[in-house]
Amino acid sequence: MDFSLTDDQKALAAAAADFARAELVEHAADWDARSHFPVEVIRRAGEAGFLGIYTPEEHGGLGLSRLEASLIFEQLAQGCISTTAYLTIHNMVTWMIASWGDDALREAWVPAMVAGEALGSYCLTEPGAGSDAASLRTRAVREGDEYVLSGSKMFISGAGATEVLVVMARTGAPDSGAGGVSAIVVPADAAGIEYGKNEEKMGWKSQPTRLVSFDGVRVPVTNRLGAEGEGFKFAMKGLDGGRLNIASCSLGAAQQALTLSRDYLAERKQFGRELSQFQALQFKLADMASELTAARLMVRHAAWRLDQGDPEATAHCAMAKRFATDMGFSVCNEALQLHGGYGYIREYPLERLVRDTRVHQILEGTNEIMRLIVARRLLADGVIESLQ
């Protein structure tokens, strides 16, 4: 059993860290303060290869593993969590079109998305369908060679500033559940689409989040990914990787918080000595590092299982997402506490790290849903034994 990274994997992580230092870290606070979506920087991420990380090479991507994607996202998140989180969503959308679109659909979108010339949004959640995604009501009614979409999607990252949407819509009967959902690629400027206001969020301010409404939006049937009724299956496959992606963003946030805390404890003096000399604070730093290391191992192990096509990969991705995102928020919150009053003001990045990581416990499936996914697998014969 070898836990070391290869030279190529180390080089990928180093390249991502270089990009984060050059393009993200110095601007993250400003983007947060202005709720600015840094499209030009995102396009430069495309030039660096970070917009098609696990999109197959034959379609213009890097064709990397989910483990390697995790290494990259962890490093990028140390520059700007919010922007990196959007990059994970764009990567998922690009991968979905490349994986299940026909040749014409791939050619129309994937090269531009990999290059950053077209950005993508993922449309699953609805005002009345969050954790119960299979109950979604957005409809796609077939009329000849077209689908006509009606309905709305909620909390869509990048909406209003992206060029393409992957929309989960019901093509089956109203009571058809997960089996009646299809995935459809929709140009973001199609007639009949309206965007709501940019939501004023607690964190993730460098990416817009809007309601998307569809009123008689027409797209060719050839814009469907895979066969009719396969959309929910694709959505769940996308979410396995998406959960690892957002968990990796939490790893990056926790790593940044840990580094900042170490430096602050070494610099700050109270009662005549550096804070780093107080045993209680040393213990706090040790616990933060231990939790981060445990979460990192879980995420990388789950990514490895996903890369191997392991039948229990979904449960491992859920476990890793739950643990890593809870840990990420906890470590950032503890780091803020270690910084005292300085941690609570915007001059220091700690309060932004806390705000940005909090939503990771909600999106890509709430952590309560992660527990449900894991528990259902654990109740199956032999699964608990297989964890040894």
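This report describes the overall fold and several individual residues of a predicted model.

## Overall architecture

The protein chain contains twelve helices and ten strands. Its radius of gyration is 21 Å, close to the 21 Å that the globule rule gives for 388 residues, so the chain is as compact as a globular protein of that length. Measured out along the principal axes, the box filled by the C-alpha atoms is roughly 80 × 50 × 40 Å.

Among contacts with a separation of 6 or more, 73% join residues 24 or more positions apart. Of the 388 residues, 51% count as buried.

## Surface and charge

The chain exposes about 16900 Å², and 52% of this area is supplied by carbon and sulfur atoms. There are 38 positive and 50 negative charges in the chain. The mean positions of these two sets of charges lie 5 Å apart.

## Cysteines

No disulfide is found: a search of the whole structure gives zero. For C80, the nearest cysteine sulfur is that of C249, at 9.7 Å, and C80 is in no disulfide. A disulfide requires two cysteine sulfur atoms within 2.5 Å. C80 has a relative accessible area of 3% and is therefore buried, since the cut-off for that class is under 20%.

C317 is likewise in no disulfide. The nearest cysteine sulfur to C317 is again that of C249, 15 Å away. With a relative accessible area of 0%, C317 is buried.

## D32 and its contacts

D32 is part of helix α2, which spans residues 28–34. The relative accessibility of D32 is 7%, so this residue counts as buried. Apart from neighbours within four places in sequence, D32 is in contact with K205, R346, R352 and R355. In the charge count, Lys and Arg are positive and Asp is negative, so the contacts of D32 with K205, R346, R352 and R355 pair a negative residue with positive ones.

## The loop between β3 and β4

Strands β3 (146–157) and β4 (164–170) are joined by a loop that holds G158. G158 is buried, its relative accessible area being 0%. Leaving out residues within four places in sequence, the contacts of G158 are with Y86, S121, Q207 and P208. P56 is 102 residues from G158 in sequence, and the two C-alpha atoms are 23 Å apart.

A161 sits in the loop between β3 and β4 as well. With a relative accessible area of 27%, A161 is partly exposed. A161 touches F37 and P208, when residues up to four places away in sequence are not counted. P208 thus appears among the contacts of G158 and among those of A161. A161 and V39 are separated by 122 residues in sequence, yet their C-alpha atoms are 8.5 Å apart.

## Strand β6

Y195 belongs to strand β6, which covers residues 193–195. The relative accessibility of Y195 is 29%, so Y195 counts as partly exposed. Outside the four places on either side in sequence, Y195 is in contact with A159, G160, L165, A188, R210, L211 and V212. The C-alpha atoms of Y195 and A14 are separated by 38 Å, with their positions 181 residues apart along the chain.

## Positive phi angles

Most residues other than glycine have a negative phi. S35 has a positive phi of about 50 degrees although it is not a glycine. S35 lies in the loop between α2 and α3 (39–47), and is partly exposed at a relative accessible area of 37%.

E364, also not a glycine, has a positive phi of about 55 degrees. E364 is located in the loop between α10 (350–358) and α11 (367–378). The relative accessible area of E364 is 14%, so E364 is buried.

Methods
Residues numbered from 1 in each chain as written. Predicted model: local features only at pLDDT ≥ 70, side-chain atom pairs only at ≥ 80, totals over all residues. Heavy atoms only, no water. Helix = DSSP H or I, 4+ residues; strand = E, 2+ residues; numbered from the N terminus. Rg over C-alpha atoms; globule rule 2.2 N^0.38 Å. Buried < 20%, exposed > 50% of the residue type's maximum accessible area, 1.4 Å probe, protein only. Contact = heavy atoms within 4.5 Å. Areas by Shrake-Rupley, 256 points an atom, 1.4 Å probe, with all protein chains shown as cover. Charge placed at Lys NZ, Arg CZ, Asp CG, Glu CD.
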